[in-house]
Amino acid sequence: MRLAELMVIAVGLSMDAFAVSVCKGLSVRKLQIRHALLAGLYFGGFQFLMPVLGWLLGYRFEALITSVDHWIAFGLLGVIGVNMIRESFSDAEKLDDDFAFRAMLPLAVATSIDALAVGVTFAFLAVRILPAALLIGLTTFVLSALGIKIGHVFGLCWKAWAERIGGIILVLMGVKILLEHLGILNV
């Protein structure tokens with residue numbers, strides 16, 4: 001997988017964490033650098049860890065499903081992307097300025113579940129997982145930290161668009177993987 005493709009996936013995966021960070025930034029009365037760093041560490045850390053776990057699972061079962069790996073990649077990325085787009089139209093997010101472990105851990109896990117599925121896909125595509133996961137984690141760290149600031153400054157109006165764009169990116173990556181494997185697209 002090329003660096004540009006991996007970067008697109010990293011940005012797409014980080015959109016959930018970015019959106020939650022924007023919401024967190026909205027709720028902070030007096031913004032401090034520690035708010036941005038905590039969001040970056042929680043979200044970036046889990047976005048690094050989950051693809052590695054997914055890759056380990058996928059690698060373990062690769063021999064069983066190699067003949068359908070492109071369909072799995074297409075399905076997982078498509079479902080995740082469509083779900084992100086669907087969620088962007090709901091107002092389910094609650095504003096909360098709590099950055100304690102008990103508040104951040106569930107958010108970090110929830111926003112990184114899709115990265116677990118992408119890690120499984122990476123195993124089928126023989127992606128070198130540590131550099132890929134590191135790029136995803138660092139991208140998420142930066143965008144989450146920025147999301148805190150953006151949320152604090154600009155408000156809720158960008159949250160839905162961030163999720164929509166992330167979802168569209170993941171759907172398009174899934175379609176690209178399928179079309180390449182089927183020989184329709186030769187990039």
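**A friendly note on the cores, helix 1 and a surface patch**

1. Let's start inside. The largest nonpolar core has 19 residues, and I9, L13 and F122 touch the most other members. Helix 1 (3–27), helix 2, helix 5 (101–124), helix 6 and helix 7 (159–181) each supply at least two residues of this core. Its largest share, five residues, comes from helix 6. Please keep in mind that this is a predicted model.

2. There is another core to look for, lying apart from that one. This second core has 13 residues, including V20, A36, F43 and M104.

3. Now follow helix 1. With 25 residues, helix 1 reaches 35 Å from its first C-alpha to its last, close to the 36 Å expected at 1.5 Å a residue. Where is the kink in helix 1 centred? Look at M15: the helix has a kink of about 40° there. As for its surroundings, 19 of the 25 residues of helix 1 are buried, so this helix is largely enclosed by the rest of the structure.

4. Next, turn to the outside. F48, L49, L53, L56, L130, L134 and L138 form a nonpolar patch on the surface, and together they have about 610 Å² of accessible area. Helix 2 (33–60) and helix 6 (129–154) each supply at least two residues of the patch. Which helix gives the most to it? That is helix 2, with four residues.

5. One patch member deserves a closer look. L138 is found in helix 6. This leucine counts as partly exposed because its relative accessibility is 49%, and exposed means over 50%.

6. As general background, nonpolar side chains tend to be buried together in soluble globular proteins.

Definitions and conventions. Residues are numbered from 1 along each chain as its sequence is written. This is a predicted model: local features need pLDDT of at least 70, side-chain atom pairs count only at pLDDT 80 or more; totals for chains, interfaces and linings use all residues. Side-chain values use heavy atoms; hydrogens and water are left out. Patches are made of residues with over 30% relative accessible area and no salt bridge: like charges are joined within 9 Å, nonpolar side chains (Val, Leu, Ile, Met, Phe, Trp, Tyr) within 5 Å. Accessible areas come from the Shrake-Rupley method with a 1.4 Å probe; for residues, only the protein chains shown count as cover. A salt bridge is a side-chain nitrogen of Lys or Arg within 4 Å of a carboxyl oxygen of Asp or Glu. Buried means under 20% relative accessible area, exposed over 50%, partly exposed in between (1.4 Å probe, protein chains only). A nonpolar core is a set of buried Ala, Val, Leu, Ile, Met, Phe, Trp, Tyr and Cys residues joined through side-chain atoms within 4.5 Å. The expected span of a helix is 1.5 Å times one less than its number of residues. The bend at a residue is the angle between axes fitted to the seven residues ending there and the seven starting there.
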